[in-house]
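Colleague: Hi, I'm new to this one. Could you put it on screen and walk me through it?

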Amino acid sequence: MKKIFILSILLATLCASCKNNENYPFKGADAVYFQANGDWAVVQDSINYSFAGKGVDEAVVGIRINLLGYASPQDRKVRVVVDEEETTAKEGVHYQALKNEYTLPADSVYLMLPVIVYNKDETLENRSVTLDLQLEETEDLQLGIAGRTKVRLLINNMLKKPTYWEQALKYSFGVYSRTKHELCILLLGFDFPEDVNDYDVTDPIWEVSGMYMSNYFEENYPVYDENDNIIEPW
């Protein structure tokens, strides 16, 4: 009985909150907008994709498009176009041309826009190119939340040396090189934390991972880095 009573209070509170919200129930034409961050509450207008450490020349980046309104029993059309003035990426070199329209499936409140990107340009190891996308109205759907109808995709093949490598990581992973970094990501399945505050020196995963990588370079000796130097086991 106690659990039922608590649940009833929570439901009543939720309903009251919705009714006090001026946007509830939703009014107006159904619309769409980008969600560039995994957390809906975080407003973010750019997404970074790096080929570094993935060992592939082509990838699909999924960009979420949300519905502002109610799900429909019918499929609905969504249109996304490239902002040519802002985009520095080249079609066919850095990305595959977009389709004329995409589909928001029936009974769905979002879709994942598949953007195919390429790793054909060697200069991506030192720079990022941008693919700026914007939503356009269709007969089915209008533009949604202001500030979320455009998104920028940064495409590169860059690796950033952790700032704390010399102070901490080198004791488990030896001398830094881009090739070593890429192989660590590829073989271990994860990258090093970008922020030193997220690196826990007491976590045994770093020592174990370092030993694993050292054994790899010993068993596959010699492995050369980007400067044709042998990556020595440590």
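Colleague: Let's start with Val-129: which residue is its bridge partner in β9?
Modeller: Val-129 has Ile-155 as its bridge partner in β9. Keep in mind that this is a predicted model.

Colleague: And how many bridges hold β7 and β9 together, and in which sense do they pair?
Modeller: Six bridges join β7 and β9, and the pairing is antiparallel.

Colleague: Who else does β7 pair with? I see β4 there, so in which sense do β4 and β7 pair?
Modeller: Strand β4, residues 76–82, pairs with β7, residues 129–136, in the antiparallel sense, over four bridges. If you want a spot to look at, Arg-79 has Glu-136 in β7 as its bridge partner.

Colleague: Parallel or antiparallel: how do β2 and β9 run?
Modeller: β2 and β9 run parallel, with five bridges between them, and β9 covers residues 150–156. One place to find that pairing is Asn-48, whose bridge partner in β9 is Leu-154.

Colleague: What actually links strands like these?
Modeller: In general, backbone hydrogen bonds pair the strands of a sheet, in either a parallel or an antiparallel way.

Colleague: Okay, so what is the strand order in the open sheet?
Modeller: The order is β2-β9-β7-β4-β5, which makes five strands with mixed pairing.

Colleague: Why do β2 and β5 each have one side without a neighbour in the sheet?
Modeller: Because β2 (46–50) and β5 (102–104) stand at the edges, and each has a single partner strand.

Colleague: What does the twist average from one strand to the next?
Modeller: The twist averages 30° from strand to strand.

Colleague: Zooming out, how many helices and strands does the chain have?
Modeller: The chain has four helices and nine strands. Along the sequence they follow the pattern α-β-β-β-β-β-β-β-β-β-α-α-α.

Colleague: What share of the residues is buried?
Modeller: Of the 234 residues in the chain, 38% are buried. As for the accessible surface, it comes to about 14,500 Å², and carbon and sulfur atoms account for 51% of that.

Colleague: And the contacts, what share of them join residues at least 24 apart?
Modeller: That share is 70%, counted among contacts between residues at least 6 apart in sequence.

Colleague: Last topic, confidence. What is the mean pLDDT of the chain?
Modeller: The mean pLDDT is 88, and 86% of the residues reach 70 or more.

Colleague: Where does pLDDT stay under 50?
Modeller: Over residues 1–25, and for that stretch the model has three contacts beyond four places in sequence.

Technical notes
Residues are numbered from 1 along each chain as its sequence is written. This is a predicted model: local features need pLDDT of at least 70, side-chain atom pairs count only at pLDDT 80 or more; totals for chains, interfaces and linings use all residues. Side-chain values use heavy atoms; hydrogens and water are left out. Helices (H or I, at least four residues) and strands (E, at least two) are DSSP runs, numbered from the N terminus. Buried means under 20% relative accessible area, exposed over 50%, partly exposed in between (1.4 Å probe, protein chains only). Contact means heavy atoms within 4.5 Å. Accessible areas come from the Shrake-Rupley method with a 1.4 Å probe; for residues, only the protein chains shown count as cover. Two strands pair if DSSP finds at least two bridges between them. Axes are lines fitted to C-alpha atoms, for helices over the stretch in contact, and angles run from 0 to 180 degrees between N-to-C directions. pLDDT is the predictor's confidence in each residue, from 0 to 100.
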